[in-house]
Amino acid sequence: MISSLQQLPLDNRLLTLGEAYYSRVAPTPLREPRLLHANAELAAQLGLDPALLHTPEFLEIFAGNQALPGGEPIATLYAGHQFGNFVPQLGDGRAILLGQLRDAAGQLWDLQLKGAGPTPYSRFADGRAVIRSSVREYLAGEALHHLGIPSTRSLSLISARDPVRRESIEHAAVICRVAPTHLRFGHFEVFYYRRQHEQLAPLADYIIAQHYPELWERDARHRDWLREVIGRTAALIAQWQGVGFCHGVMNTDNMSILGLTLDYGPYGFIDAFDAHHICNHSDDHGRYAFSRQPEIGYWNCSRLLQATLPLLDAQPERAVEIAQELLQHYAAVYEQRMNAIWRAKLGLAEAREQDAELIDGFLLMLHAGRADFTRSFRLLAGVRCAGEGEAGPLREEMRDLARFDAWLAGYQARLRSEDSDDAARALRMNAVNPCYVLRNHLAQRAIEAAERGESGEIERLLELLRKPCEERPGFEAYAAEPPPEAQQISVSCSS
Ligand SMILES: Nc1ncnc2c1ncn2[C@@H]1O[C@H](COP(=O)(O)OP(=O)(O)OP(=O)(O)O)[C@@H](O)[C@H]1O
């Protein structure tokens, strides 16, 4: 257990790529930083003594006010397709990689501050983040991680007195984001479109060596690695769909090369189910609507393959053929994973051809009646396989009861045909259908408290989100749909 920040086992490997890929930059200090929350569980996983998180030294370093011993801070260069349009230069405009930690198991972890002040890639923006968006990102990383969905996480959440101008004046905050790497599809796009193709292979090799070492010896390691990235991306999006998570800004600069959920901006967990829900208030055309996430994931993978064509074959025609083959992997993985997720959520033990009808029937019914997504799936475990109208409280969630009863009869028949044991099935279903997700109104309450300097609500929420499938007496309100006055919370890109 590491008990001093002077002894962090840093291994700043990304620096070995050279300065074509990043710029050195120090964080800008914050005024009167205050630790709003620290993630003891993540610290322990990294091998850090959780007591370290509450030292003045930790606060100063992770606010960006003091250098991390052994750290060589950088901001990385990337580009990206934003809302379908290519933007030739983005880069970490407000994220600064303090250093890379090598844990006892040999795994590399980025310690990256978000909101740490301007970098050479800030363009006209201030390099800062506000408390509101930082609390949302801090909570969401944990929420997804504990739902078993790959995600970046955060080690600390620090607020400060510095004013930050958004629609109004807010206060600055900085989180320390943690992931094996924050590299994105856009890190390849920048070099492809600048015609600096010689920069692609070193970057791919770095990623393979550090994060996909099992592929290193393969003859066609770049092809096999891309196949893996595409598969992980497809699987990730299937997992999002399965919990009603809407990312909101699926630009290629927000697509992780490891298949992690990356950049929590205007995301949302759907309450009343609208399959075409648009969580980002600024997404006028619904490009990133919930129902479009799978096809956007596919399109993003096609952009990654375009940018890595020079790695696939020296002959352009052959490279395109390989890319097309690789892209087919997306649909195959997505379908396989999505079907498995819906079956598990419905408690269907075996795969059958008619399952699609049953699954779609349930989703369409939730959509038509705007039933609460999370609650409806959770209550599905109360359905017994025999007996008329044996649906427990789920029936109360439904608007069109005739439609529901017809669907229920088919569902029960299917369950009986599996010789299903009600209690055992309920247990299985309750382990995959969460009762607590990070609903917008819950995050909002934590934000309002954090803006008053109180972190109790963050802790309470994290308690529930760390075991999202475990019902806790006294916390029923956290599992319920939002009260009417909180149903219209809109979240923009402003952060
Ligand atoms: N306040 C800001 N100051 C400087 N750059 C910013 C700011 N907000 C966003 N950017 C930059 O604009 C681009 C797109 O922003 P986006 O909201 O997708 O990213 P982000 O939330 O800042 O960061 P990340 O993707 O690392 O989570 C990125 O290059 C980002 O660094």
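Helices and strands are DSSP runs, numbered from the N terminus.

**View 1. Surroundings of Gly127 in the predicted model.** The model shown is predicted. Gly127 occupies the loop that joins strand 7 (108-114) to strand 8 (129-130). With 23 other C-beta atoms within 10 Å, Gly127 is buried, because 20 or more such atoms define that class. Apart from its neighbours within four places in sequence, Gly127 is in contact with Thr28, Gly93, Arg94, Ala116, Gly117, Pro118, Thr119 and Ser122.

**View 2. Surroundings of Asp263.** Asp263 is found in the loop between strand 11 (245-246) and strand 12 (268-269). This residue is buried, as 24 other C-beta atoms lie within 10 Å. When residues up to four places away in sequence are not counted, Asp263 touches Val249 and Asn254.

**View 3. Shell around the ligand.** The ligand is surrounded by 16 residues, of which Leu90, Gly93, Ser122, Ala125 and Asp263 come nearest. The shell comprises four nonpolar, seven polar and five charged residues. Domain 1 (5-78 + 90-181) and domain 2 (187-344) each supply at least three residues to the shell.

**View 4. Positions annotated in the UniProt record.** Under "binding site", an unreviewed UniProt entry lists Gly91, Gly93, Arg94, Lys114, Asp126, Gly127, Arg177, Arg184 and Asp263. Of the listed positions, Gly127 is the residue of View 1, where Gly93 and Arg94 appear among its contacts. Asp263, also listed by UniProt, is one of the residues that come nearest to the ligand.

**View 5. Largest nonpolar core.** The largest nonpolar core contains 136 residues, and those with the most contacts inside it are Val135, Leu139, Ala173, Val174, Leu438 and Ala446. Helix 6 (residues 221-243) gives the most to this core, contributing eleven residues. At least three residues of the core come from each of domain 1 (5-78 + 90-181) and domain 2 (187-344). Ala446 is in contact with Val135, Leu139, Glu457, Ile458 and Leu461, its neighbours within four places in sequence being left aside.

**View 6. Contact between the two assigned domains.** The domain assignment gives domain 1 (5-78 + 90-181) and domain 2 (187-344). Their C-alpha centres lie 24 Å apart. In the contact, 22 residues belong to domain 1 and 21 residues to domain 2. Helix 3 (residues 131-146) provides five residues, the largest share of the side of domain 1 that touches domain 2. By class, that side of domain 1 consists of 14 nonpolar, five polar and three charged residues.

Notes
Residues are numbered from 1 along each chain as its sequence is written. This is a predicted model: local features need pLDDT of at least 70, side-chain atom pairs count only at pLDDT 80 or more; totals for chains, interfaces and linings use all residues. A residue is near a molecule or strand if its C-beta atom, placed from the backbone, lies within 6 Å of it. Ala, Val, Leu, Ile, Met, Phe, Trp, Tyr, Cys and Pro count as nonpolar, Asp, Glu, Lys and Arg as charged, and the others, Gly among them, as polar. Domain bounds come from an automatic or database domain assignment. UniProt positions are given in the numbering used here, feature names are shortened, and annotations may be inferred rather than shown by experiment. Helices (H or I, at least four residues) and strands (E, at least two) are DSSP runs, numbered from the N terminus. A residue is buried if 20 or more other C-beta atoms lie within 10 Å of its own, exposed if 12 or fewer, and partly exposed in between; C-beta atoms are placed from the backbone. Two residues are in contact if their C-beta atoms, placed from the backbone, lie within 7 Å. A nonpolar core is a set of buried Ala, Val, Leu, Ile, Met, Phe, Trp, Tyr and Cys residues joined through C-beta atoms within 7 Å.
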